[in-house]
Amino acid sequence: MTASQRYLSRLRDGRSVWLQGKIVEDLPSHPAFAGTIQTICALLALQDDPASQPSLTFSPPDTGKPANLAYLVPGSKEEVLQKETAYRIWSEKTFGMMSRLSDYSRSLLTGWYASRHVLGGSDGKFADKIDRYYRLSRDQDLFSTTALHDPQVDRSKLSSQFDDPHTHLRIVRETEDGIIVRGAKMIATGAPYYDEIFVYPFHRRPQSEARYATMFAVPVATKGVHIVCRESFASENAEDHPLSSRFDEMDAVVVFDDALIPWERVFIKDDPEAIWRLRQDPVAVALSQQPTVVRLLQKLEFVAAIGHELACTIGARQYLHVQEKLGELIIQAETIRALLLAARERAKPNQYGVWLPAVEPLTTARNLGSRYYPRALEIIQQIGAGGFLQVPSTLAELNGPIGPFISKYYRGAGVEAETRLKLFKLAWDLIGSPLASRHELYERFYSGDPVRTYASQYAGYDRQELIQTVWELAKSDTR
C-alpha cells in the first residue's frame, strides 16, 4: 500500500467533521476537501518515488524504514540542510500556499522528543510517553496539527471567570483510563483531514488556572471530539480558481464533549510552568521555525513571479514606479533567503549534540513575514489595478458566442487573451478571493500578535554587545 493509500484509508475512520451544519460523510470526495486532499496525496507520492524519496526521507536506525525528514533529529550541519531541502521540495510544489502540511507540528514533536529528558512535569513520565508517541507518529507517518488558542468569547476574562468553567478546555474529571476533557480550542488548521491534534495552552497560565494547563495528543476520530469547520473557500473549478481548487487549508474549532484522553497521551497535566518551559524549549522552537521560514520564502518568490508577469503582460514593466514595486518584491524574497541561509550557516550543536539552525534569523524572518506578505499583496493590486476587473466570469467564455470579442479586447502585450486571462485569474485568486483574504490574515497572525512577537524579540535579544560599545564611547575621556 502506498503512502497516499494509507493516508486516504485513515480518513474514513468515523471522525466528526462538521460543515454547514452537517457531518461530512466522505472527506476525500467532498468538494470542500477533495482538492486539498488530492494535493496532499501528490506530496505523499513523492515519498514513494525512488527519484525524490532520498530527498524527503531518512532511515531511522531502529527501523531502517523511510520516515519523513521532519522527524529527523539533526546531528550535523549537513542534516540541518537536509531537512531544509525536504521542506523546500514540498513548499515548491504548493507555492508556499499550504502552511500546515504537518512539517511544523512534526518538527515540534521532534524537538520535544530530542529534549524529552529536560521537559515535562513533576511525575517524571514525559520522556517515556513522548518517546513512544514520537515513534508511533514517525513510523505511521501521521499528519498532525495544533489547537492552542481559546475561543474568543470574552478576552477580558480568565478561563476560570466564565459562568461555565468549561467554556475553555479543561479537565472535567480523572478516571482509571485517562482524563475527561470538555471545552473548545482553536484554530486547528487541517484538523478535518489530519490524524492527530496537539492540544495545550499557547499563553502562559497562572497557577490558579492549573486545570486549564494540560498537554495531550488526541486522534481526530476520538469519540466526543467534534471538528467545526469555517466556510469552505475551495473551488471545484481549477481553471478559474487555480489556487482555491488545490490549496484551501481548512481551519476549524475543536469541540471536546467529555472526550476521554488516555493517560498514555497525556504528556503534562495541571502544570502551567512545565507547559511554558515546553513552549520555550530552544530545540522545538528552532526546529519548528525552520519549515515556516522555508515556506515563507517560497510564497514570497511566488508573489514576486506573479508581479513580474503581470507587469510584462500589460506592458508596464518599463515604468520606473512599477520597477520600484517589483524591486521591493525581490528585496522581500532575498531578505528572507539571506536570513534562512544565515540560520543554516550559524547552526551549531546544543549541549546534547543536537544541531539547530540559529533561531534569531528565523525569528526575524517570521516577524518580517507578518508585514512583508500584506505589503506584497498590496503591490500586486497596484500593478494589476483595474485589470483585475477586466476579466470575464469564466475562461470558458472564450469558446462561447462572445468569444471573438473577448479574444480582441482582453488580450495583453504580446500575449493572447487566454494567456492574459489565466494569469489574471491566478493573481486574483492570490489577492482577491476568499482564499486570498484568509492567507493575508493567516500571515499576519499565525505566529501570534505581531506587536507581541516584535516586542518579544526585543525582550529576548542579547543586547550586551550593542550596549557595551555605546557606553564605551559615552564614558570615554576625549580630553
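This is a short tour of two helix pairs and two buried strand residues.

Before you start clicking: the model is predicted, so local features need pLDDT of at least 70 and side-chain atom pairs count only at pLDDT 80 or more, while totals for chains, interfaces and linings use all residues. Residues are numbered from 1 along each chain as its sequence is written, and side-chain values use heavy atoms, with hydrogens and water left out.

**Stop 1: H10 and H14**

Select residues 359-384 (helix H10) and 450-459 (helix H14). Helices here are DSSP runs of H or I with at least four residues, strands are runs of E with at least two, and both are numbered from the N terminus. The two helices pack at about 155 degrees, with axes 10 Å apart. Axes are lines fitted to C-alpha atoms over the stretch in contact, and angles run from 0 to 180 degrees between N-to-C directions. H10 and H14 are therefore roughly antiparallel (over 145 degrees; under 35 is roughly parallel, 65 to 115 roughly perpendicular, the rest oblique). Their crossing is left-handed, meaning the near helix is turned anticlockwise from the far one by less than a right angle.

Now show side chains. On H10, pick Glu-360, Thr-363, Thr-364, Asn-367, Leu-368, Ser-370 and Arg-371; they meet Pro-450, Thr-453, Tyr-454 and Gln-457 of H14. Contact means heavy atoms within 4.5 Å. The mix is three nonpolar, six polar and two charged residues.

**Stop 2: H8 and H12**

Next, select 282-313 (H8) and 417-431 (H12), which pack at about 140 degrees with axes 10 Å apart. That angle makes H8 oblique to H12. This crossing is left-handed. From H8, look for Phe-302, Val-303, Ile-306, Glu-309, Leu-310 and Thr-313; from H12, Arg-420, Leu-423, Phe-424, Leu-426, Ala-427 and Leu-430. Here you get nine nonpolar, one polar and two charged residues.

**Stop 3: Ser-144**

Jump to Ser-144 in strand S5 (residues 144-147). Is Ser-144 buried or exposed? Buried, at 4% relative accessible area (buried is under 20%, exposed over 50%, partly exposed in between, with a 1.4 Å probe and protein chains only). Its contacts beyond four places in sequence include Arg-106, Tyr-194 and Phe-198.

**Stop 4: Asn-68**

Finish at Asn-68 in strand S4 (residues 67-68). Asn-68 is buried too, at 8%. Residues touching Asn-68 from more than four places away in sequence include Gln-47, Trp-90, Arg-106 and Asp-141.

Methods:
Nonpolar A, V, L, I, M, F, W, Y, C, P; charged D, E, K, R; others polar.
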